[in-house]
Structure formats: C-alpha cells, structure tokens
Amino acid sequence: YKYSNPTDTISGVRVHSIKPDESPGIKKYEPGHPDADKDGYVLYPNVNPVIEMTNLIEATRSYEANLASFKTQKTIDT
C-alpha cells in the first residue's frame, strides 16, 4: 500500500504513560545547611547526570537515525 502524501502517515510522538520515580533521594549529613532537617540531613534529588545525559544522547541519535531514514525513503520515492 502506498500513500499519496508521506506526511499523511506521520502522526507525531505520543506519551504512553508517566510514572513518578519512587526511589528515595540522597541524604547527606550537612548540619549547617539551611535546608537541613532537625537531625542535620539534607535530602537531595536522586538524579544521576551521567544517566540523564546518556538517555538524552540516545534519544537524539535515534531521532537523527529516523530522520535520515525518512529522507532516504523520500529520495527513493521521487
């Protein structure tokens, strides 16, 4: 089956679900910190910058590969 207009088949990206991260934050003992609790601990987010950057690069490369595939298909079709 061949579509008359390739853009008719592209529907975009949709979010399937959003799940909150239930893993605990990082507790550090810093009694002088203004956000410290009564025991002197500060709760930091559990974000790992290395993992986040790796996911970002992976998503970017995947997007670029898909874009190149669409461009190649468009060139072959014309």
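## Two strands, one helix: a predicted model

Glu22 is exposed, with 66% relative accessible area. That is over the 50% cut-off, so Glu22 earns the label. The residue sits in the segment before strand 1, which spans 26–29. Its partner in the next comparison is Asn46, 24 residues away in sequence. In space, the C-alpha atoms of Glu22 and Asn46 are 9.9 Å apart. The model is a predicted one.

**Overall layout**

The protein chain holds one helix and two strands. Along the sequence the order is β-β-α. The chain has 78 residues, and 3% of them count as buried. Its exposed area is about 7,600 Å². Carbon and sulfur atoms supply 58% of that area. Among contacts with a separation of 6 or more, 6% join residues 24 or more positions apart.

**Strand 2 and Val42**

Strand 2 covers residues 41–44, and Val42 lies in it. Is Val42 buried or exposed? Val42 is buried, at 4% relative accessibility. The cut-off for buried is under 20%, so Val42 meets it. Beyond its neighbours within four places in sequence, Val42 is in contact with Ile26, Lys27, Lys28, Glu30, His33, Asp35 and Ala36. Glu30 is 12 residues from Val42 along the chain, with 6.3 Å between their C-alpha atoms.

**Helix 1**

Helix 1 runs over residues 49–77, 29 residues in total. From first C-alpha to last it reaches 42 Å. That is close to the 42 Å expected at 1.5 Å a residue. At the start of helix 1, Asn48 makes a polar contact: a side-chain oxygen of Asn48 comes to within 3.0 Å of the backbone nitrogen of Val50.

Ile57 lies in helix 1. Its relative accessibility is 39%, so Ile57 counts as partly exposed. Which residues make up the nonpolar surface patch with Ile57? Met53 and Leu56 join Ile57 there, and the patch covers about 280 Å². A general point on helices applies here. An α-helix has 3.6 residues a turn, so residues three or four places apart point the same way.

**Accessibility at three sites**

The table collects the residues discussed above.

| Residue | Relative accessibility | Class |
|---|---|---|
| Glu22 | 66% | exposed |
| Val42 | 4% | buried |
| Ile57 | 39% | partly exposed |

Two of these residues have an assigned element: Val42 belongs to strand 2, and Ile57 to helix 1. Glu22 comes before strand 1.

Notes:
Residues numbered from 1 in each chain as written. Predicted model: local features only at pLDDT ≥ 70, side-chain atom pairs only at ≥ 80, totals over all residues. Heavy atoms only, no water. Helix = DSSP H or I, 4+ residues; strand = E, 2+ residues; numbered from the N terminus. Buried < 20%, exposed > 50% of the residue type's maximum accessible area, 1.4 Å probe, protein only. Expected span 1.5 Å × (residues − 1). Polar contact = N/O pair within 3.5 Å; in protein donor to acceptor, adjacent residues only side chain to side chain. Patch = residues over 30% accessible without salt bridge, like charges linked within 9 Å, V, L, I, M, F, W, Y side chains within 5 Å. Areas by Shrake-Rupley, 256 points an atom, 1.4 Å probe, with all protein chains shown as cover. Salt bridge = Lys/Arg side-chain N within 4 Å of Asp/Glu carboxyl O. Contact = heavy atoms within 4.5 Å.
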